Amino acid sequence: MKTYKQVFSELAQANRAALIPFFVIGDPDLDTSLAIVKTAIDAGADVLELGIPFSDPIADGPTIQKADIRALKSGMTVRKALEFIRNIKDHKDVPIGLLMYYNLIYQYGKERFFRDFHQAGVNSVLVADMSIDDADEIYDAAISAGLDTVFMVTPNTEPARMKLIASKTTGFIYTVSVLGVTGSRADLSDVVEGLIAKLKKITPVPVCVGFGISKAEHAAAIARAGADGVIIGSKIAELIERNLSDKGKMLAEIAGFIGKVRRAIGNSVAKPPNESFDPAQDGFGGLNI
Amino acid sequence: MKYKGRFGDYGGFYVPEVLIPALEELERAFYRFYQDEQFVGELEQLLRDYAGRPSPLYYAKRFSEYVGFKVYLKREDLLHGGAHKVNNTLGQGLLAKYMGKTKLIAETGAGQHGLATAMIGALFGMETKIFMGVTDIERQSVNVHKMKLCGAEVIAIEGGTGTLKDAINDALRYWTAHVTDTFYLFGSACGPHPYPTMVRHFQSRIGKEARLQCLEKIGRLPDIVVACVGGGSNAIGIFSGFLDDKNVRLIGVEAGGRSLSSGKHAATLAAGRVGILHGAKTYLLQDEQGQVSETESVSAGLDYPAVGPEHCYLKDSGRARYVAAQDDDVLDAFELLTKMEGILPALEPAHALAYLISQKGKLDPETIVVANLSGRGDKDVSIVERCRPLED
């Protein structure tokens with residue numbers, strides 16, 4: 001199973017940030033959702049962020065909430081999500097980070113949840129409604145199941161707390177670019193560059209940035225600012241919502257968008273380009289490593 | 001955070017990282033000011049002159065004769081705004097002022113907390129936004145209008161069932177994006193730490209007064225203290241005064257809705273399982289996987305799938321007992337108290353009265369019961385009119 005470490009070090013050599021799309025598993029229904037995620041992988045996703053839908057997603061804005069509702073209405077369950085992940089891993093071995101609300105893990109049973117999902121091919125589980133203060137409640141169970149850890153840092157996180165978070169992170173730091181919930185925003189937040197720089201000073205752990213990133217230009221700017229990965233969620237849920245009556249168009253638009261972001265990131269290297277790497281030849285099929 | 005905010009294993013602060021600095025700031029401010037002489041003095045004066053405290057303890061003679069034991073009503077319904085909510089909104093509002101915050105947000109179910117927040121927003125000249133589910137807006141339109149008259153903006157929440165849970169979701173989301181200048185004035189003794197502790201503190205006034213009034217008026221402590229429980233702020237407020245009096249039985253009455261077996265209710269402690277919602281580990285109405293259930297109750301103020309963490313702890317430890325009253329019995333209780341005492345109870349405390357009616361003839365006639373009449377029923381008249389049309 002491919003690890004975060006492998007992917008980030010390969011991408012560092014290629015001098016490119018990781019493209020990390022987010023999907024609600026089962027949005028708008030199980031089969032379409034599988035097709036969407038496979039399309040995204042084929043269009044160049046390096047890592048996947050997947051969420052199991054929850055009835056009360058307090059860290060999410062209206063777009064992802066609607067995606068959760070669509071998925072729940074179509075019958076998505078935690079068990080079906082396990083199958084879904086196995087199916088994705090059969091398609092291609094890309095690292096998968098789960099994005100969860102704690103109650104679903106708690107009801108399934110922490111130890112069992114981490115073990116089952118790691119066995120299915122998950123690399124990490126980020127709990128949206130759990131801060132580093134309560135991380136002990138899940139940390140040991142996650143580590144002993146073989147998972148990497150991912151925690152969030154936000155624009156209002158104090159430096160001492162950033163260090164604490166970094167010290168507990170083995171996967172990557174999920175850096176929230178804005179104060180607020182998930183959702184597309186017209187402009188990129190002006191605090192994000194400073195935030196990346198601050199984190200880079202205190203930790204060698206990869207820094208990935210999410211929330212509010214809706215355009216290829218945003219992704220490029222974040223990559224230029226030195227981020228190791230760019231996470232895009234609401235924009236893709238929007239493309240799903242907008243094309244519910246035409247699945248073919250839905251898949252084409254998602255593939256087109258992910259390809260476009262991938263090209264933008266490829267052309268926006270933070271450091272001087274590696275001579276052996278030519279972004280122009282790096283098509284939609286992912287890096288040939 | 002300085003404290004864990006736990007009641008046994010319940011409570012805590014299960015929130016996204018982005019909210020932690022705001023909760024830390026709030027915790028710091030609360031512990032700095034809640035015993036501060038100036039803060040306490042200012043709050044005392046407001047509770048007296050603005051809210052109308054102390055609220056009377058009233059012996060409901062005819063109601064007592066009907067049920068066959070002695071019932072005293074703690075008249076929180078007589079407070080300004082018509083409910084106990086003002087105790088908490090004055091406390092937190094003053095804290096917001098001391099913290100230098102200029103904007104208030106709040107969630108509301110029945111609209112009582114929304115109104116009590118809108119009043120305080122007007123009083124302190126703070127910009128106020130009230131988050132309220134569309135179902136609740138429809139069934140509590142008078143309170144919505146009152147909030148607007150106080151100058152508050154009422155934000156209609158479409159999500160979920162359009163009730164209290166959905167209003168809290170969106171208030172939390174809004175707060176996440178506006179943590180720097182906005183104070184979230186939480187209405188019940190639930191949510192993430194420090195809210196359960198803070199709301200309990202500001203509502204503990206009810207229990208302190210009631211205990212003292214019992215000793216002065218009756219010459220002894222009551223045998224039973226009963227209150228309705230949604231999130232549980234009025235109940236924890238009155239229970240807190242009697243927690244150390246081991247002979248005083250504490251009974252919380254939840255919303256039994258149509259019936260517990262129908263699944264259409266909001267009786268969290270009676271029928272829920274431990275889980276995590278809105279920042280706290282709590283009993284929760286949920287399906288097998290952990291998706292939060294839709295609740296149903298004739299009373300908007302109790303229509304909530306979680307409950308304050310201290311109540312969870314009191315249930316497990318056996319110090320308090322929790323029962324449920326069904327909508328039909330609640331409406332009976334509403335009519336009965338109104339007919340016998342000329343007092344319109346809100347549908348929320350009518351749950352506590354419904355429990356007392358269910359005990360008719362079962363208790364010793366000398367039994368003394370204090371029921372927290374947490375709000376007045378004017379806001380519910382149109383609901384009662386619809387459910388129980390008068391015959392001409």
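Where in chain B is B:P194 found? It sits in the loop that runs between β8 (182–184) and α9 (195–217) of chain B. Welcome to a short tour of this predicted model, which takes in the build of chain B, one of its sheets, and a few backbone features in chains A and B.

**Overall build of chain B**
- Chain B holds 15 helices and 15 strands.
- For 392 residues, a compact globule would be expected to have a radius of gyration near 21 Å, and the 19 Å of chain B agrees with that.
- Taken along the principal axes, the box filled by the C-alpha atoms of chain B is roughly 55 × 45 × 45 Å.
- Of the 392 residues in chain B, 64% count as buried.
- Looking at contacts in chain B between residues at least 6 apart in sequence, 74% join residues at least 24 apart.

**Surface and charge of chain B**
- The exposed area of chain B is about 14,000 Å², and carbon and sulfur atoms supply 49% of that area.
- Chain B carries 44 positive and 49 negative charges, and the mean positions of these two sets are 4 Å apart.

**A four-stranded sheet in chain B**
- Four strands of chain B form an open sheet in the order β1-β2-β13-β12, and their pairing is antiparallel.
- At the edges stand β1 (6–7) and β12 (273–277) of chain B; each has a single partner strand, so one side of each is left without a neighbour in the sheet.
- Further in, β2 (residues 10–14) and β13 (residues 279–284) of chain B pair in the antiparallel sense over two bridges.
- B:Y14 has B:G279 in β13(B) as its bridge partner.
- B:H278 belongs to the loop between β12 and β13 of chain B.
- Although B:H278 is not a glycine, its phi is positive, at about 50°.
- B:H278 is also buried, with a relative accessible area of 3%.

**Cis peptide bonds**
- In chain B, the peptide bond from B:H193 to B:P194 is cis, with omega near 10°.
- In chain A, a cis peptide bond joins A:D27 and A:P28, with omega about -5°.
- A:P28 lies in the loop between β1 (18–24) and α2 (30–42) of chain A.

**A positive phi in chain A**
- A:N15 is not a glycine, yet it has a positive phi of about 60°.
- The loop between α1 (4–14) and β1 of chain A is where A:N15 is placed.
- With a relative accessible area of 8%, A:N15 is buried.

How values were computed:
Residues are numbered from 1 along each chain as its sequence is written. Chains are lettered from A and ligands numbered from 1 in the order in which they are written. This is a predicted model: local features need pLDDT of at least 70, side-chain atom pairs count only at pLDDT 80 or more; totals for chains, interfaces and linings use all residues. Side-chain values use heavy atoms; hydrogens and water are left out. The radius of gyration is taken over C-alpha atoms; the globule rule is 2.2 Å times the number of residues to the power 0.38. Buried means under 20% relative accessible area, exposed over 50%, partly exposed in between (1.4 Å probe, protein chains only). Contact means heavy atoms within 4.5 Å. Accessible areas come from the Shrake-Rupley method with a 1.4 Å probe; for residues, only the protein chains shown count as cover. Lys and Arg count as positive and Asp and Glu as negative; His and the chain ends are not counted. The place of a charge is taken as NZ of Lys, CZ of Arg, CG of Asp or CD of Glu. Two strands pair if DSSP finds at least two bridges between them.
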